[in-house]
Amino acid sequence: MTSPKTTSTTSTTSTTTTLTVDAQPGPFTYEPARTALVVIDMQRDFIEPGGFGESLGNDVSLLAEIVPTVAALLAFAREQGWLVVHTRESHAADLSDCPPAKRLRGAPNARIGEPGPMGRILVRGEPGNEIIEPLLPLAGEIVIDKPGKGAFYATRLGEELAMRGITRLVFAGVTTEVCVQTSMREANDRGYDSLLIEDATASYFPAFKQATLEMVRSQGGIVGWTAPLAALTAALTATQTD
Ligand code: C5J
């Protein structure tokens, strides 16, 4: 993998500001007013010991490592006035939105809906389903409870973005190859250009994260773009006036 450069430009007209991020496979341009940050599933179930992630035998510390970077990305998005969206992978208490194809998959210590140290696994309203404290949503931010891996499937996300005229999505969160990648592919099919922040996403399997970053930006960005957080923030400092 080549390491991305972090130079970027800003272009301002009387009505819009367009920023250019030095991303892979090429420049990613966006208007802040039409951009949303989508933070995928930074919930206790995946990040903390005792949740769904650990019940599947995973080392959750790999996910906890990105929390400071996701917090910095959230702060940046809030400063820039972007729409901020948080998702939680979660199911109704009666599990009517959790098909056996999902509930019975694998051999976890505790299946979806069963009790664990943080309440019922992946069930809406349980302590484990809360977004972790350093990344808690602020008033006015959108929280999407999603029963699937993708953020658009069986949720109101598409409508929320459309009614605000959003055209670009910046993604962060976990896990890179499951819910983040699925959501980016759904976004691409719906016409959004998406940028994945490389150091603000993680997997229990580092090789899967790396493979996903390469997949996303392969073939001219077949799913989207990737860049480190530094490249996104650098876009503000290099200004070019039309
Ligand atoms: C998984 C997710 N890995 N948020 N969920 O089951 O990626």
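**Ligand contacts, pocket and cavity**

User: What makes the pair formed by a nitrogen atom of the ligand and the side chain of Glu89 a polar contact?

Analyst: The ligand nitrogen is 2.8 Å from an N or O atom in the Glu89 side chain. A polar contact is a pair of N or O atoms within 3.5 Å, so this pair counts. The model is predicted: local features need pLDDT of at least 70, side-chain atom pairs need 80 or more, and totals for chains, interfaces and linings use all residues. Numbering runs from 1 along each chain as its sequence is written, and side-chain values use heavy atoms, without hydrogens or water.

User: Which other side chains have a polar atom by the ligand?

Analyst: Asp41 has a polar side-chain atom 2.7 Å from a ligand nitrogen. In the side chain of Lys149, an N or O atom is 3.1 Å from a ligand oxygen. Alone, the ligand exposes 230 Å² (Shrake-Rupley method, 1.4 Å probe). The protein buries 90% of that.

User: How do you know which residues are around the ligand?

Analyst: A residue is near if one of its heavy atoms lies within 4 Å. The residues around the ligand are Asp41, Phe46, Glu89, Lys149, Val174, Thr175, Val178 and Cys179.

User: What makes three of this shell charged?

Analyst: Asp, Glu, Lys and Arg count as charged, so Asp41, Glu89 and Lys149 qualify. The shell also has four nonpolar residues and one polar.

User: How many cavities of 30 Å³ or more does a search of the whole structure find?

Analyst: The search finds one. Its volume is about 30 Å³, meaning the space filled by probe spheres set on grid points joined across faces, edges and corners. A cavity is a set of points on a 1 Å grid over the protein atoms alone where a 1.4 Å probe fits but cannot get out. Residues lining the largest cavity (an atom within 4 Å of a point) include Phe52, Leu56 and Arg103.

Note on methods: Polar contact = N/O pair within 3.5 Å; in protein donor to acceptor, adjacent residues only side chain to side chain. 1 Å grid on protein atoms, 1.4 Å probe; cavity = no way out; pocket = protein on both sides within 12 Å on 5 of 7 lines; lining within 4 Å.
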